[in-house]
Structure formats: C-alpha cells, structure tokens
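Trainee: I should like to learn how to read a protein model feature by feature. May we work through one together?

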Amino acid sequence: MKHRAGLSVVLCVMSVMAFAQNLLVYHVVGDVTYVSNGRNEPLTMNMYIEPSTTINIPYEGKVELLDIKAKNRVILTTPGRGSVSALTADSRNILCRINERYIEYVKKQMSNTALVSMQRYTDFATVTRAMAGAKDEDVRKKRDDDFFDDDDDDFFGDDDDDFFGDDDDWDLRGDFERYREKAIKDFEAYRQQANQEYAEAVKLAWKYFETEPAVAEPKLKEVEPVWRDESVATEKWKVIEKVEKVAKNVVEFAKNEIERMLGRRQPVPLRPDMPDEPDRADITEFPDSVVENYGIEEQEVPEELVAYNDFTFTFYGTEMKVRLDESKRLFLNKLTANSVGELLGDQLCTKYYNNTIIDCVDLRQKYKLSDWAYLQLLDTIASNFCGRGTNEAVLLTGFLFAQSGYKMKFAFDANKDNRLCLMIGSRHSIYGYSYLMDNDCYYYIYPLTKTNNPVRLCQAELQKTQAVSLLITDVQQFGPDMSEVREIQSKRFPEMQMRVSVNRNLMRFYDTYPHSELNKDFTTHWAMLANTPMQDDIKRQIYPGLKAALEGLSNYEKVERILDLVQIPNMKYVSDYDMWGVNDRAFFSEETLGYSGSDCEDHAILFTRLVRDLTGLKCILIYYPNHLAAGVCIGDDTKGHAYIVNGRVYTVADPCIERAKPGEEMTARNLGIAELRIEDMRFIPLKDE
C-alpha cells in the first residue's frame, strides 16, 4: 500500500510538471484571489494563469483549471494559499485526465456570455439561488394556470354533449393534444412532488450501519482436461450404451430471472400510475407522445443557448451526447446531510435536468445497454462533467440513476467524512464486495470497492424504483475497435472453422462486469454468462460458414461437430490461475473467442451458445464437483451418458475431453473425487433462443 501511495505522489508531481504554460480558469466558487504585481485580484472564469501563480482559496471555495495542452483537469477545493503547482500536489485536491471532447465543450462554454455560473466568483450560491428562484416562478405560474382552469379533472369540460356532438364539432386531434398536454403536465407535477419529498427526506434519514462480509467467489479445485493417446484412432472409440439418469438439483433461478427481465421493460422514470414492479403492461398504453419522453416534460432551450447545450463524451469507443449545459454545474460547499438534500431539492430535483434524464434513458434504449452498462454511462457523464472522484460526480450519478428508475442510496464513508458514496441496489449478490441488506436487496458501494468500513447511510429512497439486474439480455452496441483475427479449426472436421476478430471495447466492458449469483446459488453466475447473446459482429464473421458446414446433417452430427470445434486442443486450455492469477474468472462467449486460453466453464458456455444459435436445440450446463460441462437435447437415439431434466433427455457434451463424442463424461477419478453421485451435481437449463 505504501508503494502505491508513493507512486501516486510521483505521478501527481509528474502531472504538475507537465502543466502547459497557461492554465484556463474554468470554474470559480467563492472569493478566490490571485497575486498580480504584488496585489490580490479576484480570480474569475475565462482567464489564464501560470502554474507558478499564487492563489488564495477561502473556506468553501473552489477553483477548476484546465491544462488544454496536457489534457489535465485540476480541481482545487482545499482552503489555503500557494502556487497552483503546490496546491495541486496536495493529495486532498484532484487532478484527472480529460479528452478532446471535453476541451471543446469548455471552449464553447467560455464564449457563452449568458452563463449563469460566470457570476460565481463572488458567491458560491448564485446558481443554486437562481435555480430555486426560477423554480418558485414556475410554481407561481402553475398557480395562475390552475386559477384559470375550471376543472383539472375533466379536460373535456362539463358538457359531454359538446364532445360527443356533431362530427363538425368533434375536434379529435385537438382533444388528443389537450389530453397529451395534460398527461405530461400531471406526470411532471407528480414527479416534482415526489422528488422534493425525497430531497427533504435526504436531509433527515441518515444512520450508521456496519457492512456485511463479502460473498466469497466459489473456490473450485482445478480439474485437468482429459487428453487422449494420439495413437488411438477417433473412429475406433465407441460411446458406452445409453445411460439415463433423472436429474435432482435443477437450478431454475437464472431462468426465472430472465423471464422476469424479458417480461418487462428496464426500469423507467417515475410515473404516477406505475406499480412497484412493472409488468408486461408497461408504458405502451400511453400515447406515443408521452412514451417518447417517459412522461417527463421536455424543456425548451432558448435559441441563444442551443449552441451551448450539448455535452459530448465517449463511452467504450462510442461517441454520445446529452443535453447538459454549464448553468447546471454542481457544488457541495460542505458535505453534510443538509447540504446534500439542499442541492438535490434546489437544483437537481427541478425540471432543468429533464432533458438530461430523457437523453440518458434514450441512450440506454438506443444502444441496448444493460443495467450495469447504463450505470457506467451515467458515471462517465457525471465524472466528465463534475470531475472524476468528486462528491458532485457521485451526487449527479446517483440522481440520474434514481431518476431512471433504479434503487440507490447515498452514504458517507464513516472513516472519511469528506467522501460521499453511492450505493446501488442489486438483486444479485456480487462476489468479493461487502454490502448492506435491505428488503431482500443488496446495496453495494459504486464504484465497487473492497472495503469493510462502516457507512452512514441515507435511508431515503425515491419512490417506485427497482433493483439492478446483472443479466445482459440484449446485444449491447459499442463502437468498434476490432482485435487481430484468430483462427480456430477442427482437425477431425476441417470444414468447421472460425476466423474471428473481437471488439476490444466490448472486452473492456466485460472486464468491468461484476460476477455474482442469484438466490445464494453459485452456479447461477455461469448461467448469466451463458444466456448473454452473442454480439452481431461476431455472428456475421463466423455463423455463415458454420451454418454452411452443418447444412443437411442430423442433430447428432451437428452437435458432434460443434463440440469438436471448441474442444481441446483446437482451443487452448489454460487455468484461470495461470492466466489471471485468480481462482475463477469465467468468460462470456466473446471472451473465450478473443483470449488465447480458456478453461472448462468457458468452453462449456461457448459451446452452448453456438449450439443454441446454430441448431436451435435446448441446452443445459452440468455442474460436477469442481467441473462444468454441458448437455444438449439432441432428440436422436444417441448413446452415452444423458440426464433427464424437466422431462427432456440431455446428452452430455464435454469440451474438455479431447476428441470426445456426445455422450462421454468425466469419471470420478478425472474429477478428483471418490465417487460421482447425482446428488452432488447441479443442472442449469439455459434460455431458449
């Protein structure tokens, strides 16, 4: 740990030394001054200073500087006097990298003369008060509108005869538009009331909690693959007579979770009619114009500010943007329950973030992002906008996450009073990280951190939100960054071959994916990986050739060829410990294709993915003590070992037995156990394609 701390100091000093000649003052809060010709002058936005410039930051003050040449962002919040270089070296302040898009955004905003936060150098609360004043004005206008509205509950008026009168008098389009406007207005009023109640609750509902010990990832004994003597001809090897056994431990948890996920939409922003757990009957019952914005009232951007409205960023190689302008900057002058609640109520929980929320949820839908990817998307936006590692970034991420329909709570690290934490609610227990439990929901600190520190938790929660699911049910769309082509070919069936290049951006995302389990059953985390659909770009590369090679064959012959393709040594076997230095690191299918080595569960997961996609046959994963294989409902009268699961016969298929045909499974000796008992095995049905 000491070495890491030392390295951080060295990197920080190197970064300071890397400052360009001039630093752009981008954001100032409080009466910050700098020394010019021996005199103290106010430090203001849109001016340049040197790294050697002496500045003075008062209590509750803040300065943000951009080194455009070195692409660094400096956030100074620690009170004190000194040169910019010296203050930056203080570990309590933040220095982080920025990209070209953020630099362009800054340059554009600096030309915005209407920028509210330009006034901030004299008063840190200017923007917050401006927001609150505008909100009060909206309330007053709504009161005036209500005064002139004869009957809010009946937008058609009291005279039904007029509505159902002559065709000439029936203005259907006008009536629909009035309905639409009223529905959006009612939705927005409901949201704002719920948000304000939540913000007030945040000020009060805090309590200390000890975190629960982390759920340990299962420690499986590594089972070596079964290698055959090269002198044994494959065609001479015969499968034993057919042996069927009735499975006992059938794991349905992952399947049920998938059905639940597929039966509803992902969480959506708060609506007055939304049940606690939305079903298939979701927002589709509402007019398209309401569905479009999830019931949120879109805010018109003044023409003179349109040019400054788009906040652009890159997410896993994909260029994206949301409407988020500089007038919505956040600043927590001090970290208390009251200050967090005030910032939520006065600024965040207002209509001025409506467009941002709409755009975020639209991005989730457009790029088919899973819950975990969407959380990272919001973190990317907040970190770029507020500065990575800042309390403001945590607050903005949590706010956007809750407004999108997800369970989350804020907390203070009990050992670090100046640190705000975001705790996300999950239906899954994530391996290796401590948590808090509330109503069958696991709460984890995000970003995931291996700490057992007690937390001071805000128990307030926005209404009608849902826990995160770690299932990935759609093909997520990330920008392409393709790897070198890898060739995989069967020796027995040369026509079975794959030339494949994987998307590095997808691989980077998978590397952040937290492994977890459902209902305290560790086998379910393999099902989550196996049920994740294959990316379209991979399918386009390998599926046409494989389908052509399988055309006209029986189900048994198809399964036999796919099994041989992914078997050792066609695909190199490497244990997780040798490759990653960890006990278990199961792969998504694309990872098995992308990395040079993989082990038993990776081969089994890829095999079931290919079989379901290429043949449409049902598959299961079979867990033996210390080993994972697969089973396929072939339907032919095959020989060998098979298991009856939910009334169907699944023939064993094990990619870790060299040149094995469907029907052969490892012996107790291969598995390193005294006796192979069906009671010790688990059978995991996978989602049909």
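Mentor: Let us begin with the contacts over the whole chain. Among contacts in the protein between residues at least 6 apart in sequence, 71% join residues at least 24 apart. Please keep in mind that this is a predicted model. The protein holds 20 helices and 27 strands, and 55% of its 689 residues count as buried.

Trainee: How should I read a single residue, and where is Phe-412 placed?

Mentor: One may ask for its element, its burial and its partners. Phe-412 sits in strand β14, residues 408-413. Phe-412 counts as buried because its relative accessible area is 4%, and the cut-off for buried is under 20%.

Trainee: Which residues does Phe-412 touch, if those up to four places away in sequence are not counted?

Mentor: Phe-412 touches Trp-206, Leu-335, Thr-336, Ala-337, Val-340, Arg-419, Leu-420, Val-455 and Arg-456. As for backbone positions, the C-alpha atoms of Phe-412 and Leu-457 are 6.5 Å from each other, although 45 residues separate the two along the chain.

Trainee: What is the general idea behind a nonpolar core?

Mentor: Nonpolar side chains in soluble globular proteins tend to be buried together. In this model the largest nonpolar core has 150 residues, and Leu-344, Leu-396, Phe-410, Leu-593 and Phe-607 have the most contacts inside it. Helix α11, residues 371-386, gives the largest share of this core, with 10 residues. There is also a second, separate core of 23 residues, and among its members are Val-226, Tyr-643, Met-666 and Ile-678.

Trainee: How far apart are the end C-alpha atoms of helix α10, and what span should its 13 residues have?

Mentor: The check is a comparison of an expected length with the one in the model. Helix α10 covers residues 354-366 and, at 1.5 Å a residue, should span 18 Å; its end C-alpha atoms are 18 Å apart, so the two values agree.

Trainee: How many of the 13 residues of α10 are buried?

Mentor: Helix α10 is mostly covered, with 10 of its 13 residues buried. Among the buried residues of α10 are Ile-357, Ile-358, Val-361 and Leu-363, together with Asn-354, Asp-359 and Arg-364. Lys-368 follows α10 and has a positive phi, near 55°.

Trainee: How many salt bridges are there?

Mentor: The count comes to 33 salt bridges. For each pair, one may look at the distance and then at the exposure of both partners. Lys-242 and Glu-244 meet through their side chains at 3.3 Å, N to O. Lys-242 is partly exposed because its relative accessible area is 31%, and Glu-244 is likewise partly exposed, at 39%.

Trainee: Is Asp-379, the partner of Arg-388 in another salt bridge, buried or exposed?

Mentor: The side chains of Arg-388 and Asp-379 form a salt bridge at 3.7 Å, N to O. Asp-379 is buried, with a relative accessible area of 13%, whereas Arg-388 is partly exposed, at 46%.

Trainee: What does the salt bridge between Arg-561 and Glu-495 tie together?

Mentor: The side chains of this pair meet at 3.8 Å, N to O. Arg-561 lies in helix α16 (residues 555-566) and Glu-495 in the loop between β20 (486-489) and β21 (497-500), so the pair ties together parts that are 66 residues apart in sequence. Arg-561 counts as buried at 14% relative accessibility, while Glu-495 is partly exposed at 38%. Through shared partners, salt bridges join Arg-492, Glu-495, Glu-560, Arg-561 and Asp-564 into one network.

Trainee: How is empty space found, and how much lies in the largest pocket?

Mentor: A probe the size of a water molecule, rolled over the atoms, shows where empty space is left. Here the largest pocket holds about 1300 Å³ of space. It is lined by 38 residues, of which Ile-94, Gly-389, Thr-390, Asn-391 and Asn-418 are the closest to its centre.

Trainee: Which element supplies the largest share of the lining of the largest pocket?

Mentor: Strand β15 does, with 7 residues. At least two lining residues come from each of α11, α12 (391-403), β15 (416-426) and β18 (441-446).

Trainee: As a last case, where is Ser-589 found, and which residues is Ser-589 in contact with?

Mentor: Ser-589 belongs to helix α18, residues 589-594. Ser-589 is buried, with a relative accessible area of 1%. Leaving aside neighbours within four places in sequence, Ser-589 is in contact with Met-534, Ile-605, Leu-606 and Arg-609.

Key:
Residues are numbered from 1 along each chain as its sequence is written. This is a predicted model: local features need pLDDT of at least 70, side-chain atom pairs count only at pLDDT 80 or more; totals for chains, interfaces and linings use all residues. Side-chain values use heavy atoms; hydrogens and water are left out. Helices (H or I, at least four residues) and strands (E, at least two) are DSSP runs, numbered from the N terminus. Buried means under 20% relative accessible area, exposed over 50%, partly exposed in between (1.4 Å probe, protein chains only). Contact means heavy atoms within 4.5 Å. A nonpolar core is a set of buried Ala, Val, Leu, Ile, Met, Phe, Trp, Tyr and Cys residues joined through side-chain atoms within 4.5 Å. The expected span of a helix is 1.5 Å times one less than its number of residues. A salt bridge is a side-chain nitrogen of Lys or Arg within 4 Å of a carboxyl oxygen of Asp or Glu. On a 1 Å grid over the protein atoms alone, a cavity is a set of points where a 1.4 Å probe fits but cannot get out, and a pocket is an open set with protein on both sides within 12 Å along at least five of seven lines; lining residues have an atom within 4 Å of a point. Grid points are joined across faces, edges and corners, and a volume is the space filled by probe spheres set on the points.
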